[in-house]
Amino acid sequence: MAMAKEGAVRPEVIIVGAGPSGLAVSACLSLRGVPSLILERDDCVGSTWRKRTYDRLILRFTKRATALPHAPHPAAAPTYLPRDDFADYLDGYASRFGVRARLRLRREVRAARFDAVRRRWDVEAVDVGTGEAERLGAKFLVVATGTYDEKFVPEVPGIETFPGKVVHASEYLSAEGMKGKNVLVVGCGNSGMEIALDLAEVSHPHKMDTEPGSDMMLGFYLPIWMINKLVLLLCYLLPRVWGHVQARDQEAGYRTLCHLRHPRFPVTDVGTYKKIKSGEIQDGGELIGDDGLLKQCNPKAENGLYYAGLSGTGIYGSSMDAEFIAADISKQLQPEH
């Protein structure tokens with residue numbers, strides 16, 4: 001590794017990650033006149049959407065709920081955006097708000113330490129291409145590395161003797177080459193349900209182990225319209241949850257309270273329900289418990305440290321985090337009178 005060099009740029013804020021959350025934070029800061037620098041390990045913005053998602057992926061929430069701050073999706077855009085459309089949207093967002101001028105690609109952050117004397121963060125990064133180390137400093141540090149950046153493969157006894165092919169969801173692109181084969185999908189999140197549908201259209205009936213979401217239990221006792229009204233009333237009476245989350249519109253609706261209490265998301269793909277009823281996708285019982293769910297947290301920590309998009313509330317939560325973080329940092333930087 002080359003000798004570390006001092007970074008010439010001294011922004012007020014260093015953002016780690018150039019996914020939706022990192023882009024949104026940088027854009028919101030820019031609109032408030034606060035300089036920032038983004039460090040991204042990959043060679044593009046929104047790399048998860050470009051490189052680690054399957055072909056048929058379609059966002060589970062409407063375009064109103066998946067727009068980043070100050071940039072609504074065009075009226076002509078589909079209600080539920082396909083993967084490539086959203087990836088293009090992220091590219092356009094970065095250009096629109098000048099994020100690329102504040103972006104360093106192929107920079108992997110190795111360490112970040114807070115200097116209590118100087119009241120600044122010292123960040124150590126490495127240029128992935130050259131191996132050259134860099135040291136940067138800033139008053140504020142925003143971690144926006146995402147919740148799906150690294151794949152998790154559980155230990156399964158005997159899997160090394162399995163004669164077939166084992167593929168993680170992040171490596172799956174399409175059902176090409178699997179026609180007529182028996183496929184087992186392990187997991188019932190968004191990816192599992194959508195991949196199961198993709199496979200069910202070309203392969204033999206396969207088994208999907210599922211667990212009904214506990215956040216749906218209220219729906220067994222009250223009509224959805226009543227739950228929707230109740231949640232919106234609660235959001236009105238409690239305008240600030242975690243100190244920053246606000247109900248912005250009826251888009252959140254019934255799912256608002258569920259997300260505040262249990263960070264789960266809709267998992268049933270278009271057509272999946274019919275496949276389950278017909279037996280093409282079989283419900284094999286309980287597999288996934290609550291242990292793997294993210295705990296929701298306030299994006300503000302101590303000593304100028306913030307977390308963006310890590311509360312388990314998806315793109316909608318990332319937007320709220322970004323606006324909160326930008327406003328909070330801007331307020332701290334205002335001169336005292």
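## A polar contact at D127

In this predicted model, the side chains of D127 and R107 make a polar contact with each other at 3.5 Å. D127 lies in strand β6, which covers residues 120-127, and with a relative accessible area of 12% this aspartate is buried. Once the neighbours within four places in sequence are set aside, the residues in contact with D127 are R106, R107 and E132, so that R107 appears both as a contact of D127 and as the partner in the polar contact between side chains. The burial of D127 follows because its relative accessible area of 12% is under the 20% below which a residue is called buried.

## I329 and its surroundings

Helix α8, made of residues 314-333, contains I329, a residue that is buried with a relative accessible area of 0%. Apart from neighbours within four places in sequence, I329 is in contact with V13, L29, V34, F140 and Y306.

I329 can also be placed relative to R32: the two residues are 297 residues apart in sequence, while their C-alpha atoms are 9.5 Å apart in space. For the chain as a whole, 63% of the contacts with a separation of 6 or more are between residues 24 or more positions apart.

## The chain as a whole

The chain has 337 residues, of which 42% count as buried, and its secondary structure consists of eight helices and 11 strands. About 18,600 Å² of the chain is exposed, and carbon and sulfur atoms supply 56% of that area.

The structure holds zero disulfides. Two cysteines may be described individually: C28 counts as buried at 3% relative accessibility, and C44 is likewise buried, with a relative accessible area of 19%. The value for C44 still leads to the buried class because 19% is under the 20% cut-off.

## A nonpolar patch at the surface

V156, I159, F162 and V166 make a nonpolar surface patch of about 350 Å². One of these residues, F162, is found in the loop between β8 (140-143) and α4 (190-200), and F162 is partly exposed, with a relative accessible area of 47%. Membership of such a patch requires over 30% relative accessible area, so the 47% of F162 meets that part of the requirement, although F162 is not classed as exposed because that class begins over 50%.

## Positive phi in two loops

Most residues other than glycine have a negative phi. Against that background, H70 has a positive phi of about 65° although it is not a glycine. This histidine is located in the loop between α2 (47-51) and α3 (83-96), where H70 is partly exposed, with a relative accessible area of 44%.

N303 likewise has a positive phi, with a value near 60°, and is a residue other than glycine. The loop between β10 (281-283) and β11 (305-307) contains N303, which counts as partly exposed at 35% relative accessibility. Both residues fall in the partly exposed class because their relative accessible areas, 44% for H70 and 35% for N303, lie between the limits of 20% and 50%.

Terms used:
Residues numbered from 1 in each chain as written. Predicted model: local features only at pLDDT ≥ 70, side-chain atom pairs only at ≥ 80, totals over all residues. Heavy atoms only, no water. Patch = residues over 30% accessible without salt bridge, like charges linked within 9 Å, V, L, I, M, F, W, Y side chains within 5 Å. Areas by Shrake-Rupley, 256 points an atom, 1.4 Å probe, with all protein chains shown as cover. Salt bridge = Lys/Arg side-chain N within 4 Å of Asp/Glu carboxyl O. Helix = DSSP H or I, 4+ residues; strand = E, 2+ residues; numbered from the N terminus. Buried < 20%, exposed > 50% of the residue type's maximum accessible area, 1.4 Å probe, protein only. Disulfide = S-S within 2.5 Å. Contact = heavy atoms within 4.5 Å. Polar contact = N/O pair within 3.5 Å; in protein donor to acceptor, adjacent residues only side chain to side chain.
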